[in-house]
Amino acid sequence: MAQSTETTDWVSRFADEVIEESERRAPGKVTSVATAPVVVVASGLSPSGPIHLGNLREVMTPHLVADEIRRRGHQVRHLISWDDYDRYRKVPKGIAGVDEEAWEEHIGKPLTSVPAPKGSAHANWAEHFKAAMIESLAELGVEFDGISQTEQYTSGVYREQILHAIRHRGEIDAILDQYRTKKAPAKKQQGQKPVDEAELEAAEGSGAAGEDDGSSGSVGYFPYKPYCGNCEKDLTTVTSYDDDSTELTYACTACGFSETVRLSEFNRGKLVWKVDWPMRWAYEGVVFEPSGVDHSSPGSSFQVGGQIVGIFGGKQPIGPMYAFVGISGMAKMSSSKGGVPTPADALQIMEPQLLRWLYARRRPNQSFKVAFDQEIQRLYDEWDRLDAKVADGSALPADVAAYARAVGTAAGELPRTPRPLPYRTLASVADITAGHGDQALRILSELDPEQPLTSLDEARPRYDKAEAWINTHVPADQRTIVRAEPDAELLKSLDEQGRASLRLLLDGLADHWSLDGLTHLVYGVPKVQAGFSADATPKELPPEIKTAQRSFFALLYHLLVGRDTGPRLPTLLLAVGQDRVRSLLGD
């Protein structure tokens with residue numbers, strides 16, 4: 001069993017609270033870890049469309065807490081409740097294999113009764129979107145027990161809970177009635193922007209936040225919705241109910257179908273969301289479950305559920321509100337809007353350790369962004385610096401804790417890249433070589449001549465992630481294309497100082513042909529031209545040296561790739577190769 005990290009980070013603090021609460025609920029006295037109850041934490045995901053990186057926080061928050069508890073030797077169950085018996089609300093935009101008009105006819109059906117997108121290998125809509133998330137969670141090292149709400153409801157598992165809710169519908173209605181006129185915005189938490197209507201809409205997908213709290217028709221308040229026996233939609237109205245026999249009659253406003261059933265035998269319907277969620281807390285004994293902003297505002301499901309759960313003999317879990325997850329250069333995420341990045345999209349361009357770290361290092365109520373643009377290179381630089389600090393013992397305790405939670409779980413470390421070369425270097429090499437592995441290996445093997453890379457496998461999977469980022473997220477006009485021929489006109493127009501700078505560079509190429517050596521060389525040429533040592537530090541140099549360096553770099557980029565900027569020059573020079581560099585620079 002992995003040892004617990006000595007930390008004071010947010011994960012450890014929640015783990016302390018959850019263990020204490022779990023033991024407080026235990027029927028007998030807990031004397032040791034061996035006699036402690038199984039701790040239950042939970043997440044809820046609605047596979048109504050692509051399950052995006054905002055929804056991933058719903059999973060990662062309890063996962064990290066559960067993993068810390070597991071590291072301490074306790075038994076933990078992390079439940080992921082697949083809300084696949086929710087109604088199909090709208091057709092998400094931008095889904096391959098989905099014709100919006102054709103799929104609109106399924107609105108109102110359970111997600112498991114909606115056909116999967118054309119070409120999918122999965123049985124229905126819900127299974128199609130669940131599958132991608134399950135695969136990503138495996139890569140992220142997330143251990144969980146999945147519960148299909150379709151299976152729970154249609155097999156009669158919740159029958160007694162449904163009948164209990166209906167017997168106590170007056171009490172439930174009275175609780176809900178306290179909030180029906182309250183529409184105050186969610187309380188602003190530290191590190192989080194105020195909530196607006198767009199953000200509430202963007203939160204869709206974390207559960208059926210917008211579902212009504214029950215009908216108040218001819219039978220009065222009723223916390224249960226049957227799905228129609230003819231068209232399968234939930235556009236039904238309960239017209240009569242008998243408590244003694246449990247006979248229920250409903251009519252469907254979509255197709256006109258009507259039938260009378262006995263709820264003591266009927267399994268084709270579900271409790272409305274604000275009753276369903278607290279029922280499950282009680283049924284599963286959930287001690288910890290976070291919720292998004294949409295569930296945490298006054299009168300919303302988490303707050304109201306805290307009062308309704310007592311009707312089912314349960315207690316409200318510890319439930320921190322989590323903030324939004326953004327994407328660099330993109331609007332807030334909403335699974336109904338289309339084009340939202342999923343965990344699978346992120347894992348295509350970054351290692352699971354980095355993605356885990358983004359969720360582990362910020363408290364749940366702090367928002368953050370996942371980078372799909374150039375910012376990913378800076379994030380990787382920050383991650384590599386942390387890795388070095390952890391290795392030499394100079395990292396702060398909270399940073400050590402976040403790092404430990406990122407690189408592994410109680411079950412062990414996640415697979416990692418044997419030689420984690422800088423991401424920006426790998427991206428530059430992948431860009432320049434355009435998929436030619438042999439050329440990439442040649443360049444990478446020259447980065448450190450004393451410890452040359454002998455196979456691309458040593459740099460994988462990080463190299464593959466960087467290559468995927470270049471191919472999928474860098475616009476074509478920003479890709480690097482090395483000149484086929486020297487720019488004779490530019491070379492001819494250079495003054496004496498320009499020609500001298502190129503000569504200094506060319507004369508030093510052979511002796512500096514490594515990443516560090518070329519870095520020293522390209523930064524040193526303007527220093528030497530100004531009469532300083534190539535080893536002079538910025539403090540020893542006048543400000544105009546920086547201007548001279550920028551001009552020199554721009555000249556090299558124009559001569560090599562025909563632009564003002566490009567990949568880091570040392571990497572670019574290695575990629576182009578000595579012979580070709582000499583040719584393009586007029587040697």
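Trainee: What makes P343 a contact partner of I51, H52, L53, L56, M133, S136 and L355?

Mentor: Not counting residues up to four places away in sequence, P343 touches each of those seven. Contact means heavy atoms within 4.5 Å, so each of them has an atom inside that limit of P343. Keep in mind that the model is predicted: local features need pLDDT of at least 70, side-chain atom pairs count only at pLDDT 80 or more, while totals for chains, interfaces and linings use all residues. Residues are numbered from 1 along each chain as its sequence is written, and side-chain values use heavy atoms, with hydrogens and water left out.

Trainee: Why does P343 count as buried?

Mentor: Its relative accessibility is 1%. Buried means under 20% relative accessible area, exposed over 50%, and partly exposed in between (1.4 Å probe, protein chains only), so P343 qualifies as buried. P343 sits in helix α12. P343 and P50 are 293 residues apart in sequence, yet their C-alpha atoms are 9.6 Å apart in space.

Trainee: L56 turned up among the contacts of P343. What makes the set around L56 a nonpolar core?

Mentor: A nonpolar core is a set of buried Ala, Val, Leu, Ile, Met, Phe, Trp, Tyr and Cys residues joined through side-chain atoms within 4.5 Å. The largest one here has 104 residues, with L56, L355 and V370 having the most contacts inside it. Skipping neighbours within four places in sequence, L56 is in contact with M133, L137, L140, P343, L355 and Y359. There is also a second, separate core of 30 residues, including Y158, I166, L176 and V272. In soluble globular proteins, nonpolar side chains tend to be buried together.

Trainee: How do you know whether helix α16 is enclosed or not?

Mentor: Helices are DSSP runs of H or I with at least four residues, strands are E runs of at least two, and both are numbered from the N terminus. Helix α16 covers residues 423-433, and 10 of its 11 residues are buried, so the rest of the structure largely encloses it. Among the elements covering those buried residues are α12, α14 (375-392) and α21 (515-529). Just after α16, A434 takes a positive phi of about 50°.

Trainee: Why is the pair W10 and F14 called what it is called?

Mentor: Rings of Phe, Tyr and Trp (its six-membered ring) pair if their centres lie within 6.5 Å; planes under 30 degrees apart count as stacked, over 60 as edge-to-face and the rest as tilted. The W10 and F14 centres are 6.2 Å apart with planes at 80°, so this pair is edge-to-face. Both residues lie in helix α1 (residues 10-25), 4 residues apart, about one turn of the helix, and both are buried.

W281 and F302 pair edge-to-face too, at 5.4 Å centre to centre and 70° between the planes. W281 is in helix α9 and F302 in helix α11, so that pair ties together parts 21 residues apart in sequence. Overall, the structure holds 22 aromatic pairs, and ring pairs link Y85, Y153, Y158, Y227 and Y283 into a cluster.

Trainee: What makes you say that the charged end of R361 sits over the ring of W357?

Mentor: The rule wants NZ of Lys or CZ of Arg within 6 Å of the ring centre and within 35 degrees of the ring normal. The charged end of R361 is 4.1 Å from the centre of the W357 ring, so the distance part is met.

Trainee: How do you know that β8 and β9 pair?

Mentor: Two strands pair if DSSP finds at least two bridges between them. Strand β8 (residues 247-252) and β9 have 5 bridges in the antiparallel sense, so they pass. E247 stands opposite R262 in β9, and A251 opposite S258. The two strands form a hairpin with 5 residues between them, and G256 in the turn has a positive phi of about 85°.

Trainee: Why are β7 and β9 said to stand at the edges?

Mentor: The open sheet of 3 strands runs β7-β8-β9 with antiparallel pairing. β7 (236-241) and β9 (258-262) each have a single partner strand, so one side of each lacks a neighbour in the sheet.

Trainee: What makes β1 and β2 a parallel pair?

Mentor: They are joined by 7 bridges and run parallel. A42 stands opposite L79 in β2. Their open sheet has 3 strands in the order β1-β2-β3, with β1 (39-45) and β3 (145-148) as edge strands.
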